[in-house]
Amino acid sequence: MKPGCRTDWTRTEIAALFDLPFDELMFRAQTVHRANHAAGEVQLCTLLSIKTGGCPEDCGYCSQSTSADSGLKADKLMEVAAVLAAAAEAKASGSQRFCMGAAWRNPKDRDMGAVIAMVEGVKAMGLETCMTLGMLEPHQAQQLAAAGLDYYNHNIDTSPENYSNVITTRTFADRLDTLENVRQAGINVCCGGIVGMGETRSDRVGFVHALATLPKHPESVPVNALVPVKGTVLGDMLSDTPMAKIDDIEFVRTVAVARITMPLSMVRLSAGRESMSEATQALCFMAGANSIFTGDKLLTTGNRGDSADGAMFERLGLRPMMGEEPMRVAAA
């Protein structure tokens with residue numbers, strides 16, 4: 001860990017950051033960001049659902065859960081050739097990073113051959129690779145590492161205290177076990193969560209605290225704004241109680257505090273951008289976000305689209321991050 005990358009943050013310290021006057025918080029976040037990342041550069045990423053629907057987990061935000069009444073039909077795992085074609089299209093559109101997600105509680109060993117072929121094929125195109133497949137056993141993490149996977153995504157979603165209000169089919173500790181398996185295999189960790197699920201400021205403090213006090217900060221921290229989907233627990237709840245939704249400034253504060261507490265991490269402005277104004281997104285970039293998902297779709301929900309993002313980049317004077325080989329972490 002680079003000097004200055006603390007893993008001993010207290011909740012009191014993090015709460016104090018959230019409480020700063022907005023201009024002071026933004027100044028501190030931008031100062032940290034510029035000390036560790038190129039100003040004005042944003043990594044372009046593409047996310048593909050390689051296996052949609054039918055997940056036995058009961059995540060309250062997810063339309064792919066069998067517990068949801070979202071009308072989403074379950075599909076089989078995509079063919080390797082179709083995934084590679086999508087990756088090639090993403091690269092041609094300017095993406096540097098290709099993320100693949102499967103709606104599983106955990107992958108079956110019988111599926112690992114196809115998954116590994118996807119990783120190897122996307123890597124051969126020169127794209128950075130990320131996968132999210134649910135919980136991983138140590139041997140599965142080792143297989144993905146051998147295939148050259150750059151990042152594995154497994155979000156903690158929210159604070160430890162709020163976790164059971166969102167998901168009951170697995171525990172917060174289960175999440176940490178998978179993160180440890182990924183780290184032990186030498187794969188970069190991608191771990192963040194979702195804000196705007198009706199949680200409190202204290203929960204957002206706890207969420208950042210849980211990430212910033214891991215033995216090593218995640219190399220990638222996606223910060224998602226909930227996209228309420230009708231038929232999901234949280235989508236229906238927020239439709240009935242709109243006051244529970246997070247406001248834009250509080251979302252930006254969360255991004256800024258993540259940047260300050262995890263200075264070397266890529267902070268990814270992920271789901272929810274299609275409902276954000278360009279002004280809110282601009283504040284997120286100022287707060288230290290330096291990655292977005294491009295295209296018209298994120299797994300099963302909408303996204304802004306490449307043309308809208310291109311116009312926004314031009315107006316804001318942002319530039320896509322040039323491709324670099326991601327740093328590999330040593331297996332523990």
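1. Gly101 lies in strand β2, which spans residues 97-102. The structure under review is a predicted model, and in this model Gly101 is buried, with 3% relative accessible area. Its C-alpha is 8.8 Å from that of Asn153, although 52 residues separate Gly101 and Asn153 in sequence. Gly101 is also among the residues touched by Ile50.

2. For a general orientation, the protein contains 12 helices and 12 strands. Of its 332 residues, 56% are buried. Where contacts join residues at least 6 apart in sequence, 77% of them link residues at least 24 apart.

3. Which residues touch the most other members of the largest nonpolar core? They are Ile50, Met131 and Leu144, in a core of 84 residues. Helix α10 supplies the largest share of this core, namely seven residues. Apart from this core there is another, of seven residues, including Leu47, Cys130, Cys190 and Phe293. As general background, nonpolar side chains in soluble globular proteins tend to be buried together.

4. The surroundings of Ile50 deserve a separate remark. Setting aside residues up to four places away in sequence, Ile50 touches Lys76, Leu77, Met78, Val83, Met100, Gly101, Ala102, Met118, Met131 and Leu133. Met131 thus appears in this list and is itself named with Ile50 and Leu144 among the core residues that touch the most other members.

5. Helix α7 covers residues 172-185, a run of 14 residues. From its first C-alpha to its last it reaches 21 Å, close to the 20 Å expected at 1.5 Å a residue. The buried residues of α7 are Phe172, Arg175, Thr178, Leu179, Asn181, Val182, Arg183 and Ala185. The elements that cover these buried residues include helices α5 (138-147), α6 (163-166) and α8 (201-212), together with strands β4 (151-153) and β5 (188-190). After α7 comes Gly186, with a positive phi near 90°.

6. How many aromatic pairs does a search of the whole structure find? The search finds two. One of them is formed by Tyr163 and Phe172, in an edge-to-face arrangement with 5.7 Å between centres and 85° between planes. Tyr163 is buried at 3% relative accessible area, and Phe172 counts as buried at 14%.

7. Phe285 and Phe313 also form a pair: their planes stand at 80°, so the arrangement is edge-to-face, and their ring centres are 6.4 Å apart. This pair links distant parts of the chain, as Phe285 belongs to helix α11 (residues 278-286) and Phe313 to helix α12 (residues 306-316), with their positions 28 residues apart in sequence. Phe285 and Phe313 are both buried.

8. Two arginine residues are placed over aromatic rings. Arg6 lies over the face of Trp9, 4.2 Å from the ring centre. The charged end of Arg97 sits over the ring of Tyr151, at 4.6 Å from the centre of that ring.

9. Is Thr261, in helix α10 (residues 248-261), buried or exposed? Thr261 is buried, because its relative accessible area is 0%, where the limit for burial is under 20%. A polar atom of its side chain lies 3.4 Å from the backbone oxygen of Ala258. Beyond its neighbours within four places in sequence, Thr261 is in contact with Arg6, Trp9, Ile14, Leu17, Val208, Ala212 and His217. Arg6 and Trp9, both in that list, are the residues of the arrangement in which Arg6 lies over the face of Trp9.

10. Thr294 occupies the loop between β9 (291-293) and β10 (297-298). With 9% relative accessibility, Thr294 counts as buried. Its side chain makes a polar contact of 3.4 Å with the side chain of Thr46, and a polar contact of 3.3 Å joins the side chains of Thr294 and Ser95.

11. The backbone at Asp157 also merits attention. Asp157 is located in the loop between β4 and α6. Its phi is near 75°, a positive value in a residue other than glycine. Asp157 is buried, with a relative accessible area of 2%.

Terms used
Residues are numbered from 1 along each chain as its sequence is written. This is a predicted model: local features need pLDDT of at least 70, side-chain atom pairs count only at pLDDT 80 or more; totals for chains, interfaces and linings use all residues. Side-chain values use heavy atoms; hydrogens and water are left out. Helices (H or I, at least four residues) and strands (E, at least two) are DSSP runs, numbered from the N terminus. The expected span of a helix is 1.5 Å times one less than its number of residues. Buried means under 20% relative accessible area, exposed over 50%, partly exposed in between (1.4 Å probe, protein chains only). Contact means heavy atoms within 4.5 Å. A polar contact is a pair of N or O atoms within 3.5 Å; within protein, one must be able to donate a hydrogen and the other to accept it, and residues adjacent in sequence count only if both atoms are side-chain atoms. Rings of Phe, Tyr and Trp (its six-membered ring) pair if their centres lie within 6.5 Å; planes under 30 degrees apart count as stacked, over 60 as edge-to-face and the rest as tilted. A charge sits over a ring if NZ of Lys or CZ of Arg is within 6 Å of the ring centre and within 35 degrees of the ring normal. A nonpolar core is a set of buried Ala, Val, Leu, Ile, Met, Phe, Trp, Tyr and Cys residues joined through side-chain atoms within 4.5 Å.
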